[in-house]
Amino acid sequence: MSVVALDAPELAGQLIGAQKWPIAVKLHGDFRSRRLKNTTDELRQQDAALRQQLVDACRRSGLVVAGYSGRDDSVMDALETALNQPGGYPGGLFWLHRGSDPPLGRVIRLLQRASDAGVECGLVRIESFDEILRDLVRLLPALDTSALNALATGRSRVSGAPEPSGQRGWPLIRLNGLAVTIPANCRKLVCTIEGVAAARSAVAEANARLIVTRTQAGVLGFGSDAEFRRVFDPFGITAFDLATFEKRRLRYESGERGLLRDALVEALCAAKNVRAIRRRSADLLVPVDPADSAWDGLRAITHQTTGTVPKHPDLKWHEGVGVRLDWADDGLWLLLDPKIVFEGVTDATKAITADFARERTVKRYNRDLDRLIDFWAKRLAGEALLALSIGDGIDARFAVGKNTAFSKLVQP
């Protein structure tokens with residue numbers, strides 16, 4: 001890899017022109033460089049020649065931004081300058097963004113300006129750079145991914161602990177994961193519809209009882225075969241088959257793992273008297289009827305299960321739990337995160353809800369947290385949890401264990 005810092009800005013143009021990829025251009029300098037910019041005044045006025053190389057590159061090709069928030073005005077100025085050039089970003093402008101919070105205002109404005117200028121662009125929400133890069137690599141059919149697959153499976157530094165005997169033979173650390181048994185198959189169909197959003201929009205517009213995602217392999221999902229054909233026949237179905245869930249695709253946040261999480265949440269809502277508030281990183285479950293006696297155990301721990309934030313009657317809160325799927329010990333686990341769940345939150349009231357949640361939970365030490373995890377574990381556990389309870393087609397059937405994972409110290 002070639003590296004360009006502030007002491008040789010002209011080198012960037014030479015390397016880019018010669019297509020000597022990969023090239024790392026350090027706009028803020030490098031500790032090895034004789035010139036280093038890291039003060040506020042210096043960051044406002046980057047080296048003009050080096051910044052121009054960035055502008056020229058964006059004018060000749062597209063740009064994917066990863067690991068950058070957009071806080072540096074000098075860099076954002078350069079990206080906007082490139083947009084002002086005729087034919088800027090011919091390959092598109094895509095901003096990778098982690099988390100559920102919106103990006104900075106200047107990023108939103110840049111993407112809006114790009115869209116108005118006819119540039120293909122968008123905000124792409126991701127879990128991590130490693131995971132999005134892995135998904136992109138899998139889109140290259142001619143690429144041998146055996147080394148990548150081996151890397152993903154060979155870095156584990158844990159091993160399964162033996163089943164406890166019930167006697168205090170060694171220290172245990174209680175974890176917040178419940179073992180999950182997943183369905184072996186789902187429906188797979190190939191058609192012309194493109195993208196997860198389009199597939200789910202088609203399901204919603206048809207008011208169909210389907211749980212779907214869209215991957216490189218096609219549309220994957222659970223539901224009645226008749227419903228699948230009703231929704232997707234207009235998109236020219238060319239194959240109607242089954243897909244098997246492969247472990248290698250469940251080790252990271254793939255479309256398959258997302259589909260299973262959606263289906264599991266539906267199954268829990270159907271069987272456990274909870275409703276879901278969807279979030280990108282984790283789904284939030286709260287009681288459908290907090291006054292029901294089924295929630296007496298939760299009330300005994302928290303004293304109150306729902307209410308409104310003082311002086312803010314529009315802000316309703318609930319005792320709930322965040323759930324998501326993760327991979328460990330060669331299987332999927334349902335992770336539990338007891339928390340206060342809010343409804344009616346706006347940008348103006350985020351700080352208010354954060355303070356309220358902090359005050360309500362600040363004294364929940366190990367004993368109370370252990371009781372909460374124990375409650376939710378027993379509440380959500382079950383066999384034969386069905387997402388749709390249909391009579392034909394492919395349903396999603398899960399089993400969730402009631403015993404949380406645990407670990408023990410292994411001496412090196």
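Let's start with a sheet: four strands sit side by side in the order 8-9-7-10, forming an open, antiparallel arrangement. Bear in mind that you're looking at a predicted model. The edges of this sheet are strand 8 (210-215) and strand 10 (239-244), each of which has a pairing partner on one side only. Go from one strand to the next and the twist averages 30 degrees. In general, the strands of a sheet are held in register by pairing through backbone hydrogen bonds, parallel or antiparallel.Zoom in on one edge. Strand 8 runs antiparallel to strand 9 (residues 218-223), and the two pair over 6 bridges. One of these links is easy to find: Leu210 has Gly223, in strand 9, as its bridge partner. Now look at what packs on the sheet. Helix 9 (residues 225-232) touches strand 7 (185-190), strand 8, strand 9 and strand 10. The direction of helix 9 makes about 55 degrees with that of strand 8.

Some of these strands turn up again around a pocket. The second largest pocket holds about 1,500 Å³ of space. It is lined by 46 residues, and those closest to its centre are Val196, Thr213, Arg214, Ser254 and Gly255. Which elements supply at least two residues each of that lining? From the sheet come strand 7, strand 8 and strand 10, and they are joined by strand 5 (121-126), helix 6 (129-138), helix 8 (196-205), helix 10 (247-250) and helix 11. Helix 11 gives the most, with 7 residues.

Helix 11 is worth a stop of its own. It spans residues 255-271, and Arg257 is part of it. Is Arg257 buried or exposed? It counts as buried because its relative accessibility is 4%, under the 20% cut-off. What does the side chain of Arg257 meet there? A polar contact of 3.1 Å joins it to the side chain of Glu253. If you skip the neighbours within four places in sequence, Arg257 is in contact with Leu250, Arg251, Tyr252, Leu325, Asp326, Trp327 and Leu332.

A second buried arginine sits in a loop. Arg364 lies between helix 13 (350-361) and helix 14 (366-380), and at 14% relative accessibility it counts as buried. Its side chain makes a polar contact of 2.5 Å with the side chain of Glu319. Leaving out neighbours within four places in sequence, the contacts of Arg364 are Thr302, Glu319, Ile340, Leu369 and Leu372.

Finally, a look at the backbone. Most residues other than glycine have a negative phi, so a positive value is worth checking when you meet one. Lys311 is a case in point, with a phi near 70 degrees. You'll find Lys311 in the loop between strand 13 (306-309) and strand 14 (312-328), and it is exposed, with a relative accessible area of 83%. Ser389 also has a positive phi, of about 55 degrees, although it is not a glycine. Its place is the loop between strand 16 (382-386) and strand 17 (397-407). Ser389 is exposed, with a relative accessible area of 54%.

Terms used. Residues numbered from 1 in each chain as written. Predicted model: local features only at pLDDT ≥ 70, side-chain atom pairs only at ≥ 80, totals over all residues. Heavy atoms only, no water. Buried < 20%, exposed > 50% of the residue type's maximum accessible area, 1.4 Å probe, protein only. Pairing = 2+ DSSP bridges. Axes fitted to C-alpha atoms, helices over the stretch in contact; angles between N-to-C directions. Contact = heavy atoms within 4.5 Å. Polar contact = N/O pair within 3.5 Å; in protein donor to acceptor, adjacent residues only side chain to side chain. 1 Å grid on protein atoms, 1.4 Å probe; cavity = no way out; pocket = protein on both sides within 12 Å on 5 of 7 lines; lining within 4 Å. Points joined across faces, edges and corners; volume = space filled by probe spheres on them.
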